[in-house]
Amino acid sequence: MPPPATPPRPPAEPVRQATAGWQRELADAVRDPGELCRLLAIDLPLADEARRSAAGFPLLVPRAFVARMRKGDRHDPLLLQVLPVAAERQVAAGFSADPLAEAAALAAPGLVQKYAGRALVLATGACAINCRYCFRREFPYAESGATRAGVEAAVDAVAADPTIQEVILSGGDPLLLDDERLGRLVERIEAIPHVRRLRIHSRLPIVLPTRVTESLTAILAATRLNTVMVVHANHPAELDAAVAAALARLAAARVILLNQAVLLAGVNDSVAVLATLSERLVEIGVLPYYLHLLDRVQGTAHFEVSEDAAKCLHEALRARLPGYAVPRLAREVPGEPAKVWIM
Ligand code: SF4
């Protein structure tokens with residue numbers, strides 16, 4: 001099969017001042033598949049395959065995340081989330097570049113509005129990690145306003161719409177903004193009288209826990225807005241002591257912590273893994289929120305778990321865990337007024 005036409009993803013915004021520890025760690029993230037294979041003592045031919053399969057969406061993984069992978073195991077569930085593989089080059093029916101029709105949901109530059117009362121600001125197009133299953137892996141960030149000017153326009157649009165009570169910072173990963181920029185953005189949002197809640201969608205506390213700096217928690221503790229952070233962990237091995245400590249710092253800043261996971265074949269499609277993930281999340285103060293069915297973006301078909309299999313897993317999970325530890329099984333369907341709850 002020919003590879004899908006993949007427009008190049010915009011490069012990560014350059015780290016302007018690599019002063020904070022997390023910024024240095026990000027600059028030092030693993031980008032070369034050969035280096036990743038050597039670090040993990042796995043077959044080097046996998047690196048050649050990864051180079052061929054990474055067009056437009058390269059390997060990117062912080063060393064703090066690599067350190068949680070098992071050496072010598074090419075099927076490690078964390079590795080599978082980040083290593084490009086040949087299956088990404090196959091064209092699969094029903095998989096497309098923008099499966100959630102987000103381009104059509106742009107209410108203003110940098111502002112995605114799908115659901116009543118909420119609006120999502122594309123704070124940046126960059127991430128600290130490139131998850132192979134990412135539903136925005138082909139999203140045209142620059143053209144959609146995920147830029148400084150776009151963020152300004154997005155906040156202006158929120159200010160002009162009194163129905164918006166909750167602003168969601170997303171991306172890319174909004175915590176890639178440095179604290180100075182993030183602080184200014186939060187100040188601008190909290191100055192809008194009709195906005196009551198701030199939600200931040202970020203994988204950074206999981207993959208680069210040093211990002212949860214004192215100045216970040218000070219910003220979040222000081223805002224008048226109720227603040228919710230939805231982190232993103234798919235497997236219990238992602239949740240080490242440094243992650244737990246970072247999440248505890250956020251909780252101490254009165255941030256409500258939720259987790260969303262994506263159900264991924266080979267990574268977490270077992271009751272034992274999902275149950276352990278939920279138990280570990282609760283142990284470190286995070287409520288399991290959503291277990292998403294895969295968004296069908298091209299190049300990700302090998303991760304898909306069927307809806308029937310997902311329902312079976314979820315039923316088994318409910319039989320095993322208290323209700324508060326069971327994430328809602330959901331799928332996003334373009335045009336629906338809310339996420340579709342499968343179970
Ligand atoms: S962190 Fe989120 S937005 Fe970034 S690549 Fe992973 S899934 Fe996509």
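# Notebook: strands, domains and a ligand shell

I began with strand S5 (residues 197-201), where four of the five residues are buried, so this strand is largely enclosed by the rest of the structure. I note at the outset that I am reading a predicted model, and I keep that in mind for every entry below.

**Entry on the neighbours of S5.** I looked next at what lies beside S5, and found that strand S4 (residues 166-170) is joined to S5 by four bridges, with the two strands running parallel. Within this pairing I picked out Leu169, which stands opposite Ile200 in S5, and Glu166, whose bridge partner in S5 is Arg197. I then asked how many of the five residues of S4 are buried. The count is four, and S4 is therefore entered here as mostly covered.

On S4 I also followed the pairing with strand S3 (residues 118-122), which is parallel and runs over five bridges. Here Leu169 of S4 appears again, this time with Val121 standing opposite.

**Entry on S6 and S7.** S5 also pairs with S6, in the parallel sense and over five bridges, and in this pairing I noted Arg199 opposite Val228 in S6. I wanted to know which residues of strand S6 (residues 226-231) make up its covered face and which its uncovered one. Thr227, Met229 and Val231 form the covered face, while Asn226, Val228 and Val230 form the uncovered one. Val228, the residue opposite Arg199, thus belongs to the uncovered face of S6.

From S6 I moved on to strand S7 (residues 256-262), which is joined to S6 by four bridges and runs parallel to it. Val231, which I had listed on the covered face of S6, has Asn259 in S7 as its bridge partner.

**Entry on the whole sheet.** I then traced the sheet from end to end and wrote down its order as S1-S2-S3-S4-S5-S6-S7-S8-S9-S10, an open sheet of 10 strands with mixed pairing. Strand S1 (106-108) and strand S10 (340-341) stand at the edges and have a single partner strand each, so one side of each is left without a neighbour in the sheet. At the S10 end, I found that two bridges join strand S9 (residues 328-331) to S10 and that these strands run antiparallel. One of the pairs I could name there is Ala330 with Trp341 in S10.

**Entry on the two domains.** I looked up how the chain is divided, and found domain 1 (21-89) and domain 2 (102-341). Their C-alpha centres lie 23 Å apart, and the contact takes 23 residues from domain 1 and 23 residues from domain 2. On the side of domain 1 that touches domain 2, helix H1 (21-27), helix H4 (63-66) and helix H5 (79-82) each supply at least two residues, and H1 gives the most, with four. Sorted by class, this side of domain 1 has 17 nonpolar, three polar and three charged residues.

**Entry on the core.** I turned to the largest nonpolar core, which has 94 residues, and listed Val61, Val121, Ala128, Ile129 and Val167 as those touching the most other members. Domain 1 and domain 2 both give residues to this core, so it lies between them. As a general remark, nonpolar side chains tend to be buried together in soluble globular proteins. I followed Val61 further and, leaving aside its neighbours within four places in sequence, found it in contact with Ala29, Val30, Leu36, Val66, Val82 and Ile129.

**Entry on Glu49.** I also looked up Glu49, which lies in helix H3 (residues 45-53). Is Glu49 buried or partly exposed? It has 18 C-beta neighbours inside 10 Å and therefore counts as partly exposed. Apart from its neighbours within four places in sequence, Glu49 is in contact with Val85 and Ala86. I noted too that Glu49 and Pro33, although 16 residues apart in sequence, are 9.0 Å apart in space, taken from C-alpha to C-alpha.

**Entry on the ligand.** Last, I asked which residues surround the ligand. They are Cys127, Ile129, Asn130, Cys131, Cys134, Arg136, Gly172, Asp173, Arg203 and His232. By class, I recorded four nonpolar, three polar and three charged residues in this shell. Ile129 surrounds the ligand together with the others, and I had already met Ile129 in the list of core residues that touch the most other members and among the contacts of Val61.

Definitions and conventions: Residues numbered from 1 in each chain as written. Predicted model: local features only at pLDDT ≥ 70, side-chain atom pairs only at ≥ 80, totals over all residues. Near = placed C-beta within 6 Å. Nonpolar A, V, L, I, M, F, W, Y, C, P; charged D, E, K, R; others polar. Domains from an automatic or database assignment. Contact = placed C-beta atoms within 7 Å. Pairing = 2+ DSSP bridges. Core = buried A, V, L, I, M, F, W, Y, C linked by C-beta atoms within 7 Å. Buried ≥ 20, exposed ≤ 12 C-beta atoms within 10 Å, placed from the backbone.
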